[in-house]
Amino acid sequence: MTVNQRIIQALKAFNVPVTSDFFGGGNNEYITFNYENDKGEVFADDLPTEDIASMQIHYFLPSSKDYLKIKKDIRNVLLDAGATYPNVTVLMEPDNKTRHLVFECEFENDYEMEE
C-alpha cells in the first residue's frame, strides 16, 4: 500500500474529504496532504536500503470548533498507519474563521519489490 493510500485509509474515519495536494471542493472542513520530502536512508553499497517520505497533513476546520480531541485522534490514526509521531502546528487562516492544523511525520515507502 502506498503512503497516499495509507493516509487516506487512516483518515477516512473522520468523515471529511481527504485528498492529496489540493482540495477545491468548497467544504469548510477537509484534510489534504503533500510530500514535504522523499529521501533515501540507511545506505549500503552507496544505495539507500530505506525510502522515507516526509509528509505534511493539513486539517482545515472552522475556528469555532474545538480541535483538541480531533488533534489527538488524528495523531493516533497516523501512528497506527505507520507514521512517526507527528509534530503539530496550529495556525489560524487570515480570514480568522478557519483553523489549520499541520501534522508533520514520516512514513517508510512500501514498494512492490521486483524479483
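Which residues does Asn 28 touch, not counting residues up to four places away in sequence? Asn 28 touches Phe 60, Leu 61 and Pro 62. The legends below start from an overview and then return to this residue; the model shown is predicted.

**Figure 1. Overview of the predicted model, with its 2 helices and 5 strands.** From the N terminus on, the elements follow the order α-β-β-β-α-β-β. The C-alpha atoms fill a box of roughly 55 × 25 × 20 Å, taken along the principal axes. The protein has 115 residues, and 38% of them count as buried. Its accessible surface comes to about 7,200 Å², and carbon and sulfur atoms account for 48% of that surface. When contacts between residues at least 6 apart in sequence are considered, 55% of them join residues at least 24 apart.

**Figure 2. Close-up of Asn 28 in the loop between strand S1 and strand S2.** Strand S1 covers residues 18-20, and strand S2 covers residues 30-44. With a relative accessible area of 56%, Asn 28 is exposed. The cut-off for this class is over 50%, so a value of 56% places Asn 28 among exposed residues. Contacts of Asn 28 include Phe 60, and Leu 61 and Pro 62 are also touched, not counting residues up to four places away in sequence. Ile 8 lies 20 residues from Asn 28 in sequence, and the two C-alpha atoms are 19 Å apart in space.

**Figure 3. Close-up of the aromatic pair in the structure.** How many aromatic pairs does a search of the whole structure find? The search finds 1. Tyr 30 and Phe 60 form this pair, which is stacked, with 4.8 Å centre to centre and 25° between the planes. Tyr 30 lies in strand S2 and Phe 60 in strand S3 (residues 47-62), so the pair ties together parts that are 30 residues apart in sequence. Tyr 30 and Phe 60 are both buried. Phe 60 is also one of the residues touched by Asn 28.

**Figure 4. Close-up of the largest nonpolar core, which has 24 residues.** Ile 57 and Phe 107 are the residues with the most contacts inside this core. Two or more residues come from each of helix H1 (3-11), S2, S3, helix H2 (68-80) and strand S5 (98-108). S3 gives the most, with 5 residues. Around Ile 57, the residues touched include Ile 7, Leu 11, Ile 31, Thr 32 and Phe 33, not counting residues up to four places away in sequence. Ile 57 also touches Leu 78, Leu 101, Val 102, Phe 103 and Cys 105.

**Figure 5. Close-up of helix H2, with 13 residues.** From its first C-alpha to its last, H2 reaches 19 Å, close to the 18 Å expected at 1.5 Å a residue. Which residues of H2 are buried? They are Ile 70, Ile 74, Arg 75 and Leu 78. Seen down the axis of H2, these buried residues fall within an arc of 145°, so they line one face of the helix. Lys 69, Lys 72 and Asp 80 are exposed on the other side of H2. For Lys 72, the relative accessible area is 54%. Lys 72 and Asn 27 are 45 residues apart in sequence, and their C-alpha atoms are 22 Å apart in space. Just after H2, Gly 82 takes a positive phi of about 105°.

**Figure 6. Close-ups of Asn 15 and Asn 96, two loop residues with a positive phi.** Most residues other than glycine have a negative phi. Asn 15 is not a glycine, yet its phi is positive, at about 55°. Asn 15 sits in the loop between H1 and S1. At 72% relative accessibility, Asn 15 counts as exposed. Asn 96 is likewise not a glycine and has a positive phi of about 60°. The loop that holds Asn 96 runs between strand S4 (87-92) and S5. Asn 96 is exposed, with a relative accessible area of 56%.

Methods
Residues are numbered from 1 along each chain as its sequence is written. This is a predicted model: local features need pLDDT of at least 70, side-chain atom pairs count only at pLDDT 80 or more; totals for chains, interfaces and linings use all residues. Side-chain values use heavy atoms; hydrogens and water are left out. Helices (H or I, at least four residues) and strands (E, at least two) are DSSP runs, numbered from the N terminus. Buried means under 20% relative accessible area, exposed over 50%, partly exposed in between (1.4 Å probe, protein chains only). Contact means heavy atoms within 4.5 Å. Rings of Phe, Tyr and Trp (its six-membered ring) pair if their centres lie within 6.5 Å; planes under 30 degrees apart count as stacked, over 60 as edge-to-face and the rest as tilted. A nonpolar core is a set of buried Ala, Val, Leu, Ile, Met, Phe, Trp, Tyr and Cys residues joined through side-chain atoms within 4.5 Å. The expected span of a helix is 1.5 Å times one less than its number of residues. The arc is that of the directions from the helix axis to the C-beta atoms. Accessible areas come from the Shrake-Rupley method with a 1.4 Å probe; for residues, only the protein chains shown count as cover.
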